[in-house]
Amino acid sequence: MRPLPSGRRKSRGLSLGVLALCLAAARCLQSQGVSLYIPQSAINATVEEDILLSVEYSCPGVPTIEWKYTSTWGVQKIVEWRPGTQANISQSHKDRVCTFDNGSIQLFSVGVRDSGYYVITVTERLGSSQFGTIVLHVSEILYEDLHFVAVFLALLAAVAAVLISLMWVCNKCAYKFQRKRRHKLKESTTEEIELQDVEC
């Protein structure tokens, strides 16, 4: 195999050097892009609880952070802000959301309808972005259901006690009425017998 002419070797070395430089620059840019960490990707909560949707991001510069809510009812934007500026909170979540500079949000007094997927998107100025998802499941408090059942059973027991008392009073009254009636019948038959004796 013949060696390449020196001009071709130089151009080939130059193109390999440019390629290596481009790869290094791409790696450098990639390492400086957005990274997102979600410590807890699934949260179980009960009604009326305050929930922290916790995240951590790293990004050169100040990114734009956006949270959306996805459920069977559709997709809804919750909040968008840049750390250090006023948050743009949607009308549906006014007074229910608190934002933090690390990208986390807190939801106050969650309900069953808040169950679903919460998607965070962190976008830097150059357009690089990362997104993550947290699943939230909100359930009714079990002891409230038991409390309702206990109150309902107590109410039924009270109604039953009142009905039994009324039946007892009615029974006593009927018994007294029957005794009086028997007594009157007995008196009337005695008087009739006495009258018959007198007539004889």
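**Core packing, sheet and salt bridges of the predicted model**

Leu53 touches Ile43, Trp67, Ser104, Ile105, Leu107, Tyr118 and Ile134, when residues up to four places away in sequence are not counted. These contacts are found in a predicted model. Leu53 is also one of the residues that touch the most other members of the largest nonpolar core, a group of 26 residues; the others so placed are Trp67, Val79, Tyr118 and Leu136. Two or more residues of this core come from each of the elements S2, S3 (51–53), S5, S6, S9, S10 and S11 (129–139).

The protein chain as a whole contains two helices and 11 strands. Along the sequence, these elements follow the pattern α-β-β-β-β-β-β-β-β-β-β-β-α. Of the 200 residues in the protein chain, 20% count as buried. The exposed surface of the protein chain amounts to about 15200 Å², and carbon and sulfur atoms supply 61% of this area. Among contacts with a separation of 6 or more, 53% are made by residues 24 or more positions apart.

An open sheet is formed by six strands in the order S2-S11-S10-S5-S6-S7, with mixed pairing. Strand S2 (42–46) and S7 are the edge strands, each pairing on one side only. Strands of a sheet pair through backbone hydrogen bonds, in either a parallel or an antiparallel manner. At one end of the order given above, S6 and S7 run antiparallel and are joined by two bridges. Val79 has Ile89, in S7, as its bridge partner. Val79 also belongs to the largest nonpolar core, where it is listed with the residues that touch the most other members.

Side chains of opposite charge can pair when their charged atoms come close. Three salt bridges are present in the structure. In one of them, the side chains of Lys77 and Glu66 meet with an N to O distance of 3.6 Å. This pair links distant parts of the chain, with Lys77 in strand S6 (residues 74–81) and Glu66 in strand S5 (residues 64–71), 11 residues apart. The two partners differ in their exposure: Lys77 counts as partly exposed because its relative accessibility is 35%, whereas Glu66, at 17%, counts as buried. Lys77 forms a further salt bridge with Glu80, in which the closest N and O atoms are 2.5 Å apart. Glu80 has a relative accessible area of 26% and is therefore partly exposed. Glu66, Lys77 and Glu80 are thus linked in a network of salt bridges.

A salt bridge also joins the side chains of Asp114 and Arg96, at 2.7 Å from N to O. Here too the pair links distant parts of the chain: Asp114 lies in the loop between strand S9 (105–107) and strand S10 (116–123), Arg96 lies in the loop between strand S7 (88–89) and strand S8 (97–99), and 18 residues separate the two. With a relative accessibility of 11%, Asp114 counts as buried.

A further segment is marked in the sequence record. In an unreviewed entry, UniProt places the feature "transmembrane region" at residues 146–170. Over residues 146–170 the chain of the model is 100% helix and 0% strand, and the C-alpha atoms at the ends are 36 Å apart.

Methods: Residues are numbered from 1 along each chain as its sequence is written. This is a predicted model: local features need pLDDT of at least 70, side-chain atom pairs count only at pLDDT 80 or more; totals for chains, interfaces and linings use all residues. Side-chain values use heavy atoms; hydrogens and water are left out. A salt bridge is a side-chain nitrogen of Lys or Arg within 4 Å of a carboxyl oxygen of Asp or Glu. Helices (H or I, at least four residues) and strands (E, at least two) are DSSP runs, numbered from the N terminus. Buried means under 20% relative accessible area, exposed over 50%, partly exposed in between (1.4 Å probe, protein chains only). UniProt positions are given in the numbering used here, feature names are shortened, and annotations may be inferred rather than shown by experiment. Contact means heavy atoms within 4.5 Å. Accessible areas come from the Shrake-Rupley method with a 1.4 Å probe; for residues, only the protein chains shown count as cover. Two strands pair if DSSP finds at least two bridges between them. A nonpolar core is a set of buried Ala, Val, Leu, Ile, Met, Phe, Trp, Tyr and Cys residues joined through side-chain atoms within 4.5 Å.
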